[in-house]
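Below are some numbered notes for a colleague who is new to this structure. They start with one residue, move to the whole chain, and then go through selected sites.

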Amino acid sequence: MIDTHSHINMIESLSLDEIIKNAFDNGIDKIIVPSAYPADMENIMDLVNKYDNVYGMLGIHPSEVKSWDDSFIEKIKNYAKNSKIAAIGEIGLDYYWDKSFNDLQKEVFIKQIKLANELNLPIDIHDREAHKDTYDIIQEHNNGSKVIMHCFSGSVEFARECVKAGFYLGIGGVVTFKNAVKMKEVAKDVPLEKILLETDAPYLTPVPFRGKENQPAYVKYIAEEIASLREITKEEVALVTTENAKTVFNIK
Ligand SMILES: [Zn+2]
């Protein structure tokens, strides 16, 4: 399996070697690490150069766009010459924490979509309480990049709309939470061919480790929950979602 969105550079309780060993021991053989802060980009280049099975994404998280600088565009273009850069991400809109700079969020989001289009890379989308604006901006500005709705948090209706538009949905630990009725419904409803597994480690730890720090090894609990909701085997979930991830991120 592939953990398609995992901030392993932010995990505090384990070393990188431990994180990767635990992942392998639990059937996760590739990890894709998004950028959030500007300083992440250097860290991610180091990680992808050091570890064979670690891939990276470059970009600025919507909550961090005040630190955006147009010089990042050239920097990302340069870094993206490395074939282990699998996407531009995580980018998007977050109206949950702070609504005071929504316009700047939109502006930087659009710049990063255009950059992804130019680099022919998929976009890994952070959308928190901004479903409509996120969807509309992608539809208006994205020209050919594959779209992943990371940590999908919308309704079944919105999920169907995203699938219809060709987007992939990243499903993480939330689906294992007892009270996550909406998320369970989504995981059951959308075609398996559109689902990607992700932990968003160190956040959103699945049951039975909810409350502790998350890590890529826990992808298996997410796969198990999706399998049980859909009444199929965990192996089928693993097989299909791994193929999905290889297709969308263009990795072997
Ligand atoms: Zn994230």
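**Notes on the predicted model**

1. Apart from neighbours within four places in sequence, I2 is in contact with K30, I32, L197, T242, A245, K246 and I251. The model is a predicted one, and the residue belongs to strand β1, which covers residues 2-3. Is I2 buried or exposed? Its relative accessibility is 3%, so I2 counts as buried. In sequence, I2 and P202 are 200 residues apart, while their C-alpha atoms are 16 Å apart in space.

2. For the chain as a whole, the secondary structure consists of nine helices and eight strands. The radius of gyration is 17 Å and the globule rule gives 18 Å for 252 residues; the two are close, so the protein is as compact as a globular protein of that length. The C-alpha trace spans about 45 × 40 × 30 Å along its principal axes.

3. Two figures describe the packing. Of the 252 residues in the protein, 56% are buried. Among contacts with a separation of 6 or more, 72% are between residues 24 or more positions apart.

4. As for the surface, the accessible area of the protein is about 11100 Å², and carbon and sulfur atoms hold 49% of it. How many positive and negative side chains does the protein have? There are 29 positive and 40 negative ones, and the centres of the two sets are 3 Å apart.

5. The loop between β8 (195-197) and α8 (219-230) deserves a careful look. P202 is found in this loop, and the peptide bond that joins A201 to P202 is cis, with omega at about 10 degrees. P208 also lies in the loop between β8 and α8. The bond from V207 to P208 is cis as well, with omega near 10 degrees.

6. L204 has its place in the loop between β8 and α8. Its phi is near 50 degrees, which is a positive value in a residue other than glycine. With a relative accessibility of 31%, L204 counts as partly exposed, because that figure falls between the limits for buried and exposed.

7. Q215 is another residue of the loop between β8 and α8. Is Q215 buried or exposed? At 8% relative accessibility, Q215 counts as buried, since the limit is under 20%. Outside its neighbours within four places in sequence, Q215 is in contact with I11, L14, N22, T199 and A201. One of these, A201, is also joined to P202 by the cis peptide bond. Along the chain, Q215 and I20 are 195 residues apart, but their C-alpha atoms are separated by 9.2 Å.

8. A positive phi also appears at E129, where the angle is near 50 degrees in a residue other than glycine. E129 lies in the loop between β5 (123-128) and α5 (131-141). Its relative accessibility is 51%, so E129 counts as exposed, the limit being over 50%.

9. K184 sits in helix α7, residues 181-189. This lysine counts as buried because its relative accessibility is 17% and the limit is under 20%. With which side chain does the side chain of K184 make a polar contact? The partner is the side chain of E225, at 3.0 Å. Setting aside neighbours within four places in sequence, the residues in contact with K184 are V175, T176, F177, K178, E225 and L229.

10. K99 is a second lysine to check. K99 is placed in the loop between β4 (85-94) and α4 (102-119). At 57% relative accessibility, K99 counts as exposed, the limit being over 50%. Its side chain reaches the backbone oxygen of Y95 at 3.2 Å. K99 and S63 are 36 residues apart in sequence, with their C-alpha atoms 9.7 Å apart in space.

Note on methods:
Residues numbered from 1 in each chain as written. Predicted model: local features only at pLDDT ≥ 70, side-chain atom pairs only at ≥ 80, totals over all residues. Heavy atoms only, no water. Helix = DSSP H or I, 4+ residues; strand = E, 2+ residues; numbered from the N terminus. Rg over C-alpha atoms; globule rule 2.2 N^0.38 Å. Buried < 20%, exposed > 50% of the residue type's maximum accessible area, 1.4 Å probe, protein only. Contact = heavy atoms within 4.5 Å. Areas by Shrake-Rupley, 256 points an atom, 1.4 Å probe, with all protein chains shown as cover. Lys, Arg positive; Asp, Glu negative; His and termini not counted. Charge placed at Lys NZ, Arg CZ, Asp CG, Glu CD. Polar contact = N/O pair within 3.5 Å; in protein donor to acceptor, adjacent residues only side chain to side chain.
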